[in-house]
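This report describes selected features of one protein structure, with attention to charged side chains and their surroundings. Please consult the sequence and the structure shown below while reading.

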Amino acid sequence: MRLSTAISGGLLLAACLLVTGASAQTGSEGLSPTLSAIKSRHTVRLGYRESSPPFSFLDQSGRPIGYSLELCEAIVEEIGVEVDDPNLKIDYVKVTSDDRIDAVLQNKIDLECGSTTANAERGKRVAFSPLIFVAGTKLMVPKASKVQSLTDLKGKTVVVTKGTTNEQAIQAADKKSSLGLNIVASPDHEQSYQMLADGKADAFATDDILLSGLIARHKAQDKFRVTGDYLSYDPYGIMFRKGEPQLSAVVDRTFRKLGSNQDLIPLYNKWFIARLPTGERLNVPISLQLEEAFKAMDDSASANN
């Protein structure tokens, strides 16, 4: 499915995934379970990814950084207001594409700050923030490869990262077009990249922005390229526990404050246009769809005049 044909419906779906209606048992101080636990431990646990630049990755010193983490840190500030604790600490917890949803469901993390697609299937189990990015599945291939689309990979090996929507997209396209692909799932994006770099796969399929981020991070512009039509539509969101309207309201309020203060687009530019703390530069301009989504978060008087 081409990204351009799915935008409107996808944005509506992403908006609907913001949980607002379900009731939840409140804690002893009138707080929802997650907020009550955060207040008790004075700590918010943020799930991060090691190799999803620029959303969530490690800097040279091994410290988790990224666009999604900075958004989560803004949510932590708003949680502090909600629970009346301005000095909340942050505990960074590593998650993978395969265990990130379980980490939320099993109460191992409070917010998942990575590159996670908000779709209807996942929305049955977890809640998502407003839209933070729009991506889609594409292919990374060696620069010298003749591959231009998935059909050029008939009978060849494609590596995907386990537990991603990209894995589902490749399996569906393989079945639909009878390509006879050898689909190999690796634990994380970095390992998927290494499989391609080591010649153990003919292509690596994941979201286009993550492919570009990995190429930039490895300074591999002369080795690999991103190609093919979009094979999926992937609106990203910050993930958290479902069924807690109070927590959902805090997340939504954070985005509306960022939107009203005109902070969202500068934050985007910091991670997608400017040079990253690790030295790379992606130069990915904000899409019209995401810019419009950010403008919709602006509740200031001037935005409504």
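Is D110 buried or exposed? D110 is buried, with a relative accessible area of 1%.

## Overall composition

The model is predicted. Its secondary structure comprises eleven helices and 15 strands. The protein has 305 residues, of which 53% count as buried. Among contacts with a separation of 6 or more, 77% are between residues 24 or more positions apart.

## The surroundings of D110

D110 is located in the loop between α4 (100-105) and β6 (111-112). Leaving out residues up to four places away in sequence, D110 touches T34, I38, R41, T43, V44, R45, M239, F240 and R241. A polar atom of the D110 side chain lies 2.8 Å from the backbone nitrogen of R45.

D110 also forms a salt bridge with R241, in which the closest N and O atoms are 2.9 Å apart. This pair connects distant parts of the chain, since D110 belongs to the loop between α4 and β6 and R241 to strand β15 (residues 239-241), 131 residues apart. R241 has a relative accessible area of 13% and is therefore buried, the cut-off being under 20%.

## Salt bridges involving helix α9

The whole structure contains 14 salt bridges. In one of them, the side chains of R253 and E82 meet at 2.7 Å, N to O. The two residues are 171 residues apart, R253 being in helix α9 (residues 245-260) and E82 in helix α3. R253 is partly exposed, with a relative accessible area of 29%, and E82 is likewise partly exposed, at 26% relative accessibility.

A salt bridge of 3.2 Å, N to O, brings together the side chains of D299 and R256. D299 lies in the segment after α11 and R256 in helix α9, so the pair ties together parts that are 43 residues apart in sequence. D299 counts as partly exposed at 44% relative accessibility, as does R256 at 26%. Elsewhere, R41, R45, D110 and R241 are joined into one network by salt bridges that share partners.

## E280 and helix α8

Why does E280 have no salt bridge with K219? K219 is the nearest side chain of opposite charge but is 4.5 Å away, whereas a salt bridge requires a distance within 4 Å, so the pair does not qualify. E280 is nevertheless buried. Its side chain makes a polar contact of 2.5 Å with that of T278.

E280 is found in the loop between α10 (264-272) and α11 (288-295). Apart from neighbours within four places in sequence, E280 is in contact with A216, R217, A274 and R275. Helix α8 (residues 208-217) is mostly covered, eight of its ten residues being buried; A216 is among them. K219, just after α8, adopts a positive phi of about 50°.

## Helix α10 and the loop that follows

Helix α3 (residues 67-82) packs against α10 at an angle of about 145°, and their axes are 9 Å apart. The contact involves Y67, E70 and L71 of α3, together with L264, L267, Y268, K270, W271 and F272 of α10. The crossing of these two helices is right-handed.

L276 is placed in the loop between α10 and α11 and counts as buried, at 5% relative accessibility. Not counting residues up to four places away in sequence, L276 touches P54, F57, K270 and W271. The C-alpha atoms of L276 and P53 are 9.3 Å apart in space, although these residues are 223 residues apart in sequence.

Terms used:
Residues numbered from 1 in each chain as written. Predicted model: local features only at pLDDT ≥ 70, side-chain atom pairs only at ≥ 80, totals over all residues. Heavy atoms only, no water. Helix = DSSP H or I, 4+ residues; strand = E, 2+ residues; numbered from the N terminus. Buried < 20%, exposed > 50% of the residue type's maximum accessible area, 1.4 Å probe, protein only. Lys, Arg positive; Asp, Glu negative; His and termini not counted. Polar contact = N/O pair within 3.5 Å; in protein donor to acceptor, adjacent residues only side chain to side chain. Contact = heavy atoms within 4.5 Å. Axes fitted to C-alpha atoms, helices over the stretch in contact; angles between N-to-C directions. Left-handed = near helix turned anticlockwise from the far one by under 90°.
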